[in-house]
Amino acid sequence: MSLILSASVVRVRDGLPLSASTDYEQSTGMQECRKYFKMLSRKLAQLPDRCTLKTGHYNINFISSLGVSYMMLCTENYPNVLAFSFLDELQKEFITTYNMMKTNTAVRPYCFIEFDNFIQRTKQRYNNPRSLSTKINLSDMQMEIKLRPPYQIPMCELGSANGVTSAFSVDYKGAGKISSAHQRLEPATLSGVVAFILSLLCGALNLIRGFHAIESLLQSDGEDLNYIIAFFLGTAACLYQCYLLVYYTSWRNVKSFLTFGLICLCNMYLYELRNLWQLFFHVTVGAFVTLQIWLRQAQGKAPDYDV
């Protein structure tokens with residue numbers, strides 16, 4: 001018999017369970033699947049937004065959107081189109097009911113447990129497909145799944161259910177290659193946004209001064225070519241700091257310190273063209289951005305929430 005057995009709503013950033021259905025079945029297979037649920041919740045940030053994990057007699061399907069993942073456990077013969085249509089309904093209702101600010105700032109597991117009422121009602125409807133009156137929506141979902149099928153997570157990449165997991169490195173059509181070199185960073189803070197804007201400003205100032213230096217050189221005003229190089233190197237360093245602030249790369253902290261060193265060297269060379277306050281501004285902004293890069297690290301291992 002094809003059935004939806006359970007469902008849960010999990011925050012992608014750290015795997016915090018926000019809501020879940022009440023499970024009555026306590027079979028060995030269900031207990032094993034709960035372990036897989038827990039393992040997947042820790043890896044949601046590294047996975048595509050639509051996935052399926054086949055665990056023998058059961059399938060785990062989930063979709064992710066706006067920092068929240070909607071997961072469900074069903075029997076292996078439950079139709080894919082119904083499974084993802086069910087998850088899509090959960091997503092629409094959750095987004096309509098709850099402010100995303102609340103989900104982002106939640107600290108207590110299952111703080112939206114009342115959403116279980118909607119999960120149970122929807123689960124009952126989808127466990128009796130004859131009662132569904134969404135044939136048009138199902139047709140749309142079927143077309144969407146055909147055009148963009150869910151990523152099938154290999155069991156060998158997930159690891160064993162005893163908590164020993166291997167790193168996810170998957171090649172997903174439409175999502176690109178996901179590896180440790182493309183991890184998601186922690187959410188940006190206000191100081192991080194300010195640092196990004198200031199770095200862009202410094203880069204723009206260097207770029208403008210560089211073009212003015214080129215004009216002076218063409219007019220034979222005796223402008224040193226090395227000044228032009230220093231201005232453009234400063235521009236490149238500021239823009240690269242912006243890149244490091246937004247994206248995760250290997251040796252990211254080392255690159256940020258080397259880039260800051262380049263900014264200092266460029267400003268030392270340009271001391272004749274800038275006053276003390278200008279030099280202080282550029283170096284201080286470079287140091288501030290470097291600090292923000294160091295503070296905004298990749299998302300680490302999620303807490304072991306009991307899901």
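Me: Over residues 188-208, is the chain helix or strand, and how far apart do the end C-alpha atoms lie?

Reply: In this predicted model, the span of residues 188-208 is 90% helix and 0% strand, with its end C-alpha atoms 29 Å apart. Residues 188-208 are also among the segments that an unreviewed UniProt entry annotates as "transmembrane region", the others being 228-247, 254-271 and 277-295. For residues 254-271 the model gives 89% helix and 0% strand, and the end C-alpha atoms there are 26 Å apart.

Me: Which residues make the nonpolar surface patch, and which helix gives the largest share of the patch?

Reply: The patch, about 320 Å² in area, is made by L217, L225, I229 and L233. Its largest share, three residues, comes from helix α8 (residues 225-246), while L217 has its place in helix α7 (residues 190-218).

Me: Why does L217 count as partly exposed?

Reply: The relative accessibility of L217 is 34%, and partly exposed is the class between under 20%, which is buried, and over 50%, which is exposed; L217 is therefore partly exposed. A patch residue needs over 30% relative accessible area, and the 34% of L217 satisfies that condition as well.

Me: How many cavities of 30 Å³ or more come out of the count, and what lines the largest cavity?

Reply: The count comes to one cavity of 30 Å³ or more, and about 30 Å³ of space lies in the largest cavity. Its lining consists of N206, G234, C238, I263, C266, N267, L270 and R274. Helices α8 and α9 (252-269) each supply at least two of these lining residues, and α9 gives the most, with three.

Me: What makes the contact of E144 with R50 a salt bridge?

Reply: The closest N and O atoms of E144 and R50 are 2.4 Å apart, and a salt bridge requires a side-chain nitrogen of Lys or Arg within 4 Å of a carboxyl oxygen of Asp or Glu, so the pair qualifies. The pair links distant parts of the chain, with E144 in helix α5 (residues 135-147) and R50 in strand β3 (residues 50-54), 94 residues apart.

Me: Why is R50 counted as buried, and why is E144 partly exposed?

Reply: R50 has a relative accessibility of 5%, which falls under the 20% limit for buried residues, and R50 is classed accordingly. E144, at 35% relative accessible area, lies between the 20% and 50% limits and is therefore partly exposed.

Me: How do you know that E89 and R125 meet in a salt bridge?

Reply: The N to O distance between the side chains of E89 and R125 is 3.1 Å, and the cut-off is within 4 Å, so the contact counts as a salt bridge. This pair too links distant parts of the chain: E89 lies in helix α2 (residues 80-97) and R125 in helix α4 (residues 116-126), 36 residues apart. R125 is partly exposed, its relative accessible area being 30%.

Me: How many salt bridges are counted, and are R11 and D14 buried or exposed?

Reply: The count comes to five salt bridges, one of which joins the side chains of R11 and D14 at 2.8 Å, N to O. R11 and D14 are both buried.

Me: Why does K146 count as exposed?

Reply: The relative accessibility of K146 is 68%, and exposed means over 50%, so the residue belongs to that class. K146 is found in helix α5, and its C-alpha atom is separated by 9.6 Å from that of V81, which is 65 residues away along the chain.

Key:
Residues are numbered from 1 along each chain as its sequence is written. This is a predicted model: local features need pLDDT of at least 70, side-chain atom pairs count only at pLDDT 80 or more; totals for chains, interfaces and linings use all residues. Side-chain values use heavy atoms; hydrogens and water are left out. Patches are made of residues with over 30% relative accessible area and no salt bridge: like charges are joined within 9 Å, nonpolar side chains (Val, Leu, Ile, Met, Phe, Trp, Tyr) within 5 Å. Accessible areas come from the Shrake-Rupley method with a 1.4 Å probe; for residues, only the protein chains shown count as cover. Helices (H or I, at least four residues) and strands (E, at least two) are DSSP runs, numbered from the N terminus. Buried means under 20% relative accessible area, exposed over 50%, partly exposed in between (1.4 Å probe, protein chains only). UniProt positions are given in the numbering used here, feature names are shortened, and annotations may be inferred rather than shown by experiment. On a 1 Å grid over the protein atoms alone, a cavity is a set of points where a 1.4 Å probe fits but cannot get out, and a pocket is an open set with protein on both sides within 12 Å along at least five of seven lines; lining residues have an atom within 4 Å of a point. Grid points are joined across faces, edges and corners, and a volume is the space filled by probe spheres set on the points.
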